[in-house]
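Trainee: Got a minute to go over some helix packing with me? I'd like to work through it pair by pair.

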Amino acid sequence: MVDSIFLKDNQDFIVFGNQHMIALLFFTLFGILLIKLAKNWSKITQYKVANIFAFSLSFTVIIWTGLKVYVRGFDIQDDLPFHLCNFIALFLPIFTITRKKIYYDILLFWILAGTTHSLITPDLKNGFPNFVFFKYWYVHAGLIIFIFYATFILNFRPTFRSVIYSFLALQAYAILMFIVNYAVGANYFYTNFKPGGGSALDYLGEWPYYIFMVELILIPYFMLIYFPFYLTKEKD
């Protein structure tokens, strides 16, 4: 019964359909409420919640991977944690434990530049109540909520150097993914072809042109994300 409800493919998810809109609304309200409440907590509680939040996102990816392996066996081309949002979720506990600013510098732009598009154009087929649906929305929306939490509650802020650090780190990650994909015939980080469910990459041409286009717009895009922080810094 559990298998049929939570693990069986249902192909019910429709981009901009009811489930999409409800998920966006729910996590928007959840994020606003969490940050509003957290402003009244002690510093110790704020960091405890950050740790719990980070570990919950990481464990969700681990459980999701385990369930996929349980249902259809291990697939090296799909089950390694190398799609960017999964990798970030697994990495978050390291950031919350060490509290190193360079990790925030890198993750801020990765999340706001990349994960945001995952909410607008989800690469998702299975809808409610499939576990993939819950995992997708909790992890992707959770990453955005978490980085806002780190910004407005834990008081991390980016600088211009953060843009450079994040860009260089992403280049290193992309090179690693090219190597991994070549070795196992996978498509982690979508370096070999675009996601099947549709995405913003559809507007950037076919492979390999969309990769070059992303490279060209990446720094301007990161700068656009940094601009509100720059304005705030100037006012301070």
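What follows is a short chat about two helix pairs in this predicted model.

Trainee: How are α3 and α4 oriented to each other?

Mentor: Start with the axes: helix α3 (residues 43–72) and helix α4 (residues 84–98) come within 8 Å and cross at roughly 150°. Angles over 145 degrees count as roughly antiparallel. So the word for α3 and α4 is roughly antiparallel.

Trainee: And is the crossing of α3 and α4 left-handed or right-handed?

Mentor: That's the sense of the turn between α3 and α4, and the crossing is left-handed.

The contact draws on α3 residues including Ala54, Phe55, Val61 and Trp64, and on α4 residues including Ala89, Leu92 and Pro93. Asn51 and Ser58 of α3 take part too, as do Asn86 and Thr96 of α4. By class, that contact has four polar residues, no charged ones and 12 nonpolar. As for the hand you asked about, it's left-handed.

Trainee: Next pair: how are α5 and α6 oriented to each other?

Mentor: Here helix α5 (residues 101–120) and helix α6 (residues 131–152) have axes that come within 10 Å and cross at roughly 140°. Roughly antiparallel needs an angle over 145 degrees, and roughly perpendicular covers 65 to 115. The α5 and α6 pair is therefore oblique.

Trainee: How many charged residues are in the contact of α5 with α6?

Mentor: Look at who meets whom: α5 brings residues including Tyr104, Leu108, Ile111 and Thr115, while α6 brings Trp137, His140, Ile144 and Phe148 among others. The crossing is left-handed. Sorted by class, the contact of α5 with α6 has 14 nonpolar and five polar residues, and the charged count is no residues.

Definitions and conventions:
Residues numbered from 1 in each chain as written. Predicted model: local features only at pLDDT ≥ 70, side-chain atom pairs only at ≥ 80, totals over all residues. Heavy atoms only, no water. Axes fitted to C-alpha atoms, helices over the stretch in contact; angles between N-to-C directions. Helix = DSSP H or I, 4+ residues; strand = E, 2+ residues; numbered from the N terminus. Parallel < 35°, antiparallel > 145°, perpendicular 65-115°, else oblique. Left-handed = near helix turned anticlockwise from the far one by under 90°. Contact = heavy atoms within 4.5 Å. Nonpolar A, V, L, I, M, F, W, Y, C, P; charged D, E, K, R; others polar.
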